Each structure stands twice: as C-alpha cells, then as structure tokens.
Amino acid sequence: MADQKSAYSEASKHYVEVKVPESAVEKGRFDRSKMREEKYNENWSKQKVNINDIVDAFAPDFTVKEKGTKYIFKGGRYDVSADMAGGYLRIYDNKLKTWVKLDGSPVSNSGEGHYKIKKREEM
C-alpha cells in the first residue's frame, strides 16, 4: 500500500503555501473552499475517514490528478476527490455518474457524502 495520506498532505501544503499566494484564481478557490469547510465542518467531522483506507477500497490502482483545490485519486469505477484546502473527501462513481457514500450507495442529498480526512495522529 502506498501512503496516500503523505502524497495528499504534501500536495496540500504545496497548494496552500505556493499556488494560492501566486494566483488570484487559486486564492478565490481556496477562500470558497474554506467557507464551505467552515459552514459544513460540524457535519463532516461526524464521520472522519482514513484517506489510505478509502483510496485502497475505492481506487486501489489509481493515478493522481490535481484540479483546483482537489487532489483526485482516479481509479477505474471510482474517483476519490480530496479537497486540499478544506481537508475533506468525496467519492465519485464513474459508472453511476454520481457521488456515493462509504457503502457505495448514491448520496440522496447534497449534505451527504462528505467525509473529514483524519489527521496523521488520528489514523
């Protein structure tokens, strides 16, 4: 198993410390992500997840793509999209074309399917 947490953490640090200060576009994305985190963090924190376990379960043979604030582990059927500013992740089912919960079932509303990524010391 690769250490996806380390890769995500390094990418997040680079995004926050290098990309955001260099780009007004990225600063705007970062600010919007932090506003979402502030608004929804209480709900997202109710179910913290180990990013290594989620990627191993949903995208074991992944490639990585960065897009805006997202660090995406692209798998076959599933993509795990981790927000580098907000510290949460979501799981996208490419076959069903929708976000899913941890059991693979589709989310029924926009409040579902966001999971706070555990800090290293919580793992």
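**Strands, turns and a buried helix residue**

Me: In this predicted model, K74 stands opposite a residue in β4; which residue is it?
Reply: Strand β3 covers residues 70-74 and runs antiparallel to β4, with five bridges joining the two. A hairpin of three residues leads from β3 to β4. Within this pair of strands, the residue of β4 opposite K74 is D79.

Me: How many of the six residues of strand β4 are buried?
Reply: Both faces of β4 are covered. On one side Y78, V80 and A82 are buried, and on the other side D79, S81 and D83 are buried as well. Strand β4, residues 78-83, is therefore largely enclosed by the rest of the structure, and its count of buried residues is six of six.

Me: In β5, which residue is the bridge partner of V80?
Reply: Strand β5 comprises residues 88-93 and pairs with β4 in the antiparallel sense over five bridges. One bridge of β5 links Y78 with D93. For V80, the bridge partner in β5 is I91.

Me: Which residue in the turn between β4 and β5 has a positive phi of about 70 degrees?
Reply: Strands β4 and β5 form a hairpin, and four residues lie between them. The residue in this turn with a positive phi of about 70 degrees is G87.

Me: How many residues of β5 are buried?
Reply: Besides its pairing with β4, strand β5 pairs with β6 in the antiparallel sense over three bridges. It also pairs with β7, residues 115-117, in the antiparallel sense over two bridges. Strand β5 is mostly covered, and the number of its six residues that are buried is five.

Me: In β7, which residue is the bridge partner of Y88?
Reply: Two strands that pair with β5 can be considered in turn. In β6, the bridge partner of Y92 is W99. In β7, the bridge partner of Y88 is K116.

Me: Is K97 buried or exposed?
Reply: K97 is placed in the loop between β5 and β6 (98-100), and the hairpin of these strands has four residues between them. Most residues other than glycine have a negative phi. K97, although not a glycine, has a positive phi of about 60 degrees. An exposed residue has over 50% relative accessible area, and K97 has 59% relative accessibility, so K97 counts as exposed.

Me: What is the relative accessible area of Q4?
Reply: Q4 lies in helix α1, which covers residues 4-22. Leaving aside neighbours within four places in sequence, Q4 is in contact with I51, N52, V55, D56, F62 and F73. Buried means under 20%, and Q4 is buried at a relative accessible area of 2%.

Me: What distance separates the C-alpha atoms of Q4 and I54?
Reply: Along the chain, Q4 and I54 are 50 residues apart. In space, their C-alpha atoms are separated by 9.7 Å.

Me: What radius of gyration does the protein have?
Reply: The protein has three helices and seven strands, and its C-alpha trace spans about 40 × 30 × 30 Å along the principal axes. Buried residues make up 41% of the 123 residues. A compact globule with 123 residues would have a radius of gyration near 14 Å, and the protein agrees with this, having 14 Å.

Notes: Residues are numbered from 1 along each chain as its sequence is written. This is a predicted model: local features need pLDDT of at least 70, side-chain atom pairs count only at pLDDT 80 or more; totals for chains, interfaces and linings use all residues. Side-chain values use heavy atoms; hydrogens and water are left out. The radius of gyration is taken over C-alpha atoms; the globule rule is 2.2 Å times the number of residues to the power 0.38. Buried means under 20% relative accessible area, exposed over 50%, partly exposed in between (1.4 Å probe, protein chains only). Two strands pair if DSSP finds at least two bridges between them. Contact means heavy atoms within 4.5 Å.
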